[in-house]
Amino acid sequence: MSDELRVAVVGSGPAAFYAAAPLLASEDPPVAVDMIERLPTPWGLVRLGVAPDHPQLKTVSKAFEKIAARPGFRFLGNVEVGRDVTPDELAQLYDAVIYAVGSQTDRRLGIPGEDLPGSWAATELVAWYNGHPDYQHLEFDLSHERAVVIGNGNVALDVARMLVLTERELAPTDTTDAAIAAIVGCGIREVVVLGRRGPVQAAWTSTELAELGDLEGADVVVDPSELELDAASAAELEGASNVVQRNMELLREFSARSPEGKPRRVILRFRASPVAIVGEDRVEGVEVVRNRLEPDGRGSVRAVSTDEREVIPCGIVFRSVGYRGVGVPGVPFDDAAGVIANVGGRVVDGDAPVPGIYCAGWIKRGPTGVIGTNKKDAAETVELLLEDARARRLPARGIRSIDELLAERGLEVVMYVGWERIDALERARGEAQQRPRVKLCSWDELLAAARST
């Protein structure tokens, strides 16, 4: 098959770039890729989700830059599918479409008081301190002495750590200036991190956990009683991965430490589930129930609530119990799983594949794994797409191009050269302050920089 395929990849995070790479490398058939992104900037959570004090995780963007430099690649930023162009229109404009839009919202706790002022999704704080232009209007009241973070994953630890970093720790990062000022000047002296199961079941990585022990301005506190294991957890630990084994070593090390009297502290608690966020007009505390752990029949444990309850007074709460996918209107969605309905990456309507429509990344499999997990996932999807192309199962596309359609609608598209202008300006601003970059945080600033020459 010699005719060049035209493929749209919707989204520009890791899954999107990892899908673009094998597409652009294909010779049978050759493929051109248009990457369509609602923001003027690419890289998804690598730019806007990775903690600013983890610059090493952001270096994967260098691989993305190499992919973007390949012949046949185009970036179309500031174009929102569902607003500026519909999925049906994309299906007519391209031979195939891959949705790699990630999981764009947070999972709910489903408890009373969840929507009280002062109760936030962790994803909102993360987007705010990372400079996402949709979140810069948010005002987090960090004047309270205690914050509670609900969740036992890496994002929960990111939030807890960011809230207690010192000015010297924040200064060399690309945290927004407003966030640095707010965190350094905040009243928070204690961050309590709650996990509903035990320490063996915590989902964080050892690298994230170890960092808590090296904080300049905060002690990490673990009550030794929190590390007493039930029989099922002890058995799980015995056969667990090196990461879990190392996590337990670190937690035991933390529990044996004497506080050094640092101005702030992070307390790690387990077997505690929030049952209500309490307060009259705003958050005043979190009511938690103590859990016991029982075997779940699958080699791990489930949390079962007891009659033991307490209220942890606090002024602000961050809910970090996972991300959830949001459907694209017009694309089949599995609401129960929070993913686009698919089999292996082929989008399905009921049991029938939707010709030419695919998905990759978190919107395909759910919010699991690390950045690199998306590489194998995207390759699986692309292989199915190319298989369908070779078997001539893709629908015929129309003769119009997306450029014509967007021009007719008067839309300002940020091409890759526009992103490079944004990137260059941010890096130049950062260089003056010995920082990796100083981000442009508003739509107006980003678009103005993209237009500059």
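Visitor: Let's start with Phe75 and Tyr416: are they buried or exposed?

Guide: Both are buried in this predicted model. The cut-off to keep in mind is that buried means under 20% relative accessible area.

Visitor: And how do I read the way the two rings meet?

Guide: Look at the distance between ring centres and the angle between ring planes; planes over 60 degrees apart count as edge-to-face. Here, Phe75 and Tyr416 sit 6.3 Å centre to centre with 85 degrees between the planes, an edge-to-face pair.

Visitor: What does that pair tie together?

Guide: Phe75 belongs to strand S3 (residues 73-77) and Tyr416 to helix H16 (residues 416-431), so the pair ties together parts 341 residues apart in sequence.

Visitor: Which other residues share a ring cluster with them?

Guide: Phe17, Tyr18, Phe64 and Phe73 are linked with Phe75 and Tyr416 into a cluster through ring pairs. As for the full tally, the structure holds eleven aromatic pairs.

Visitor: Can you walk me through the pair Phe140 and Phe318?

Guide: Sure. Their ring centres are 6.2 Å apart and the planes stand at 40 degrees, so this pair is tilted. Phe140 is in the loop between helix H6 (122-129) and strand S7 (146-150), while Phe318 is in strand S14 (residues 316-319), so parts 178 residues apart in sequence are tied together. Phe140 and Phe318 are both buried.

Visitor: Let's turn to strands. What should I know about side chains in a strand?

Guide: In a regular strand, they alternate between the two faces of the sheet. For a case here, follow strand S18 (residues 342-343) into strand S19 (residues 346-349): the two run antiparallel and are joined by two bridges. Val343 is the residue opposite Arg346 of S19.

Visitor: How many residues lie between S18 and S19 in their hairpin?

Guide: Two, and Gly344 in that turn has a positive phi of about 70 degrees.

Visitor: Which strand does S19 pair with next along the chain, and how many bridges join them?

Guide: S19 is joined to strand S20 (residues 352-359) by three bridges, again running antiparallel. Val348 stands opposite Pro353 in S20. S19 and S20 also form a hairpin with two residues between them, and Gly350 in the turn has a positive phi of about 70 degrees.

Visitor: Now a loop residue. Where is Ala51, and why does it count as buried?

Guide: Ala51 lies in the loop between H2 and H3. Its relative accessibility is 1%, so it counts as buried. To see what surrounds a residue, skip its sequence neighbours: beyond four places either way, Ala51 is in contact with Lys58, Asp158 and Arg161. Met162 is 111 residues from Ala51 in sequence, yet their C-alpha atoms are 8.0 Å apart.

Visitor: What about Gln92: which residues does it contact beyond its sequence neighbours?

Guide: Gln92, in helix H5 (residues 87-93), is in contact with Arg397 and Gly398 once neighbours within four places are left aside.

Visitor: Finally, how do I read a pocket?

Guide: Ask about its volume, then its lining. The second largest pocket has a volume of about 240 Å³. Its lining has 13 residues, with Lys58, Ser61, Arg427, Pro436 and Arg437 nearest the centre.

Visitor: Which helices each supply at least two residues of that lining?

Guide: Helix H2 (45-48), helix H3 (55-58) and helix H4 (61-68) each do. By class, the lining comprises seven charged, four nonpolar and two polar residues.

Key
Residues numbered from 1 in each chain as written. Predicted model: local features only at pLDDT ≥ 70, side-chain atom pairs only at ≥ 80, totals over all residues. Heavy atoms only, no water. Pairing = 2+ DSSP bridges. Helix = DSSP H or I, 4+ residues; strand = E, 2+ residues; numbered from the N terminus. 1 Å grid on protein atoms, 1.4 Å probe; cavity = no way out; pocket = protein on both sides within 12 Å on 5 of 7 lines; lining within 4 Å. Points joined across faces, edges and corners; volume = space filled by probe spheres on them. Nonpolar A, V, L, I, M, F, W, Y, C, P; charged D, E, K, R; others polar. Contact = heavy atoms within 4.5 Å. Buried < 20%, exposed > 50% of the residue type's maximum accessible area, 1.4 Å probe, protein only. Phe/Tyr/Trp six-rings, centres within 6.5 Å; stacked < 30°, edge-to-face > 60°.
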